[in-house]
Protein chains: 2
Amino acid sequence: MTTKAPGAPRRSDATKAAILEAARERFAADGYERATIRAIARDANIDPSMVMRYYGNKEGLFAAASVIDLRVPELGALPGKHIGAVLVAHFLDRWEQDDVLTGLLRVGVTNDAGAERMRAVFAEQLGPIAAGVCPVPAEAPRRAALVASQILGMALARYVLRVAPAVSMPRDEVIAWLAPTVQRYLTAEQP
Amino acid sequence: MTTKAPGAPRRSDATKAAILEAARERFAADGYERATIRAIARDANIDPSMVMRYYGNKEGLFAAASVIDLRVPELGALPGKHIGAVLVAHFLDRWEQDDVLTGLLRVGVTNDAGAERMRAVFAEQLGPIAAGVCPVPAEAPRRAALVASQILGMALARYVLRVAPAVSMPRDEVIAWLAPTVQRYLTAEQP
DNA sequence: CTGGCGTGTCAACACCTGTTGGCCTACGAT
DNA sequence: ATCGTAGGCCAACAGGTGTTGACACGCCAG
């Protein structure tokens, strides 16, 4: 028998992981077009053809490199007034610790598959959370989109465009400014 | 004498303008890398080498195609309470009528020159306006960056990523939601 | 009329891209 | 010990990119 248990560690797992890590970094730093398979392979110390073997093509590689769990905290059990601050703080952390978010942002702007991924991530992972705290559940998608617009806008200014005042602003100050905005988008009566 | 008045209309002006228009559309639709000189030339019904003759290289073409005047209205003479709404409405109009803004956004995310241009445009054209209405003029850059984060974030969601709820939201509703945010970023006491 | 210059086309260059198929190596089950 | 196979490298392909230089047309000044 040559069959193995499906979860058995294969020798190539390390290579696959190295490719994925290099891909995430390149996509985050350069966007879709400029993140070439050759550059990713060089970073991972392997041959470009390995990327094709394990991920099919560049689209497949991006799909694999852009899976992400936002880990949005459950807001139901929180003191109502702190929802905005908790959410903003959480996203700042996520953005600074996980290249995938910057990659998603950089790629989504010029690549259709990337944009679709971005839409799906926020709809599936932020939408339900919003539904749990906003007054009328039917409004959840709209409110989640408003929150996303502010979160993504700050991420864009701070981590991608690197607008000087947005970069130098201390983390606490960003939270202090954005928290009431997010709080209002989620919980306020429709204006 | 072969010299002419500097403002004399040359026969090539129409060509230059056609190139510029095609370039703006392509940059806005595709970003920097995918907006190829060949595609732009095809749109303008001329030979790719003409682009080089008149704009030097691709960087020069982008520089020429990305000059923009935000036409931010003077807010000093306005009823204080409406500053946010006027500003948000103005930017929505600008974004829908001028491809350059979408182009700047799409290019700035993956191209350094584009990011620099975006930073400069907002610092030079939004900064002074903010300085005129915020309580402490020294805080103007930070407040302008906050406003930019929300404006850019909504533009990203609505016109670039095309997040469904952000696209379908009526213009008036976008204004109603974002106006208080922008208003607060500009005029509220530091939190 | 005639020459020069502005306008435009064509073909080619050197390079880089994603992707493919063949070949070699070495591990691990038999 | 051996043999199939998974893991890996190399060289090449077809296509697309920015960019360049040589060449042709036609307008306008002299």
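Which residues are the closest of those that surround DNA strand D? Before I answer, please keep in mind that we are looking at a predicted model, in which local features need pLDDT of at least 70, side-chain atom pairs count only at pLDDT 80 or more, and totals for chains, interfaces and linings use all residues. Residues are numbered from 1 along each chain as its sequence is written, while chains are lettered from A and ligands numbered from 1 in the order in which they are written.

Now to the DNA. Around strand D there are 18 residues, and the closest are Ser12(A), Thr15(A), Asp47(A), Ser49(A) and Asn57(B); a residue is near a molecule or strand if its C-beta atom, placed from the backbone, lies within 6 Å of it. At least two residues of this surface come from each of helix 3 (48–55) of chain A, helix 2 (37–43) of chain B and helix 3 (48–55) of chain B, where helices (H or I, at least four residues) and strands (E, at least two) are DSSP runs, numbered from the N terminus. Helix 3 of chain B gives the most to the surface near DNA strand D, namely 3 residues. Sorted by class, that surface has 6 nonpolar, 7 polar and 5 charged residues; here Ala, Val, Leu, Ile, Met, Phe, Trp, Tyr, Cys and Pro count as nonpolar, Asp, Glu, Lys and Arg as charged, and the others, Gly among them, as polar.

Turning to strand C, we find 18 residues surrounding this DNA strand, with Thr36(A), Asn57(A), Ser12(B), Thr15(B) and Asp47(B) as the closest. Two or more residues of the surface near strand C are given by each of helix 2 (37–43) and helix 3 of chain A, together with helix 3 of chain B. The most, 3 residues, comes from helix 3 of chain A, and by class the surface near DNA strand C has 6 nonpolar, 7 polar and 5 charged residues.

Next, the protein chains touch each other. The contact takes 36 residues from chain B and 36 residues from chain A, and two residues are in contact if their C-beta atoms, placed from the backbone, lie within 7 Å. On the side of chain B that touches chain A, two or more residues come from each of helix 1 (13–34), helix 6 (99–108), helix 7 (112–125), helix 9 (140–160), helix 10 (164–168) and helix 11 (171–187) of chain B. Helix 9 of chain B provides the largest share of that side, 13 residues, and the side as a whole divides into 22 nonpolar, 7 polar and 7 charged residues.

Let me stay for a moment with helix 7 of chain B. Its 14 residues should span 20 Å at 1.5 Å a residue, and its end C-alpha atoms are 20 Å apart, which agrees; the expected span of a helix is 1.5 Å times one less than its number of residues. Within helix 7 of chain B, Gly114(B), Arg117(B), Met118(B), Arg119(B), Val121(B) and Phe122(B) are buried, and a residue is called buried if 20 or more other C-beta atoms lie within 10 Å of its own, exposed if 12 or fewer, and partly exposed in between, with C-beta atoms placed from the backbone. The buried residues of this helix pack against helix 1, helix 4 (58–65), helix 6 and helix 9 of chain B.

What does the domain assignment of chain A give? It gives domain 1 (13–65) and domain 2 (80–187), with bounds that come from an automatic or database domain assignment. The centres of these two domains of chain A, taken over C-alpha atoms, are separated by 27 Å, and their contact takes 10 residues from domain 1 and 10 residues from domain 2.

Two single residues are worth finding on the screen. Asn45(A), in the loop between helix 2 and helix 3 of chain A, has a positive phi of about 60 degrees although it is not a glycine; Asn45(A) is exposed, because 10 other C-beta atoms lie within 10 Å. Ile175(A), by contrast, sits in helix 11 (residues 171–187) of chain A and counts as buried, because it has 20 C-beta neighbours inside 10 Å. Leaving aside neighbours within four places in sequence, Ile175(A) is in contact with Ala85(A), Val88(A) and Ala89(A).

Finally, a word on confidence. pLDDT, the predictor's confidence in each residue, from 0 to 100, has a mean of 93 for chain A, and 94% of the residues of chain A reach 70 or more. Over residues 1–5 of chain A, however, pLDDT stays under 50, and for these residues the model has 0 contacts beyond four places in sequence.
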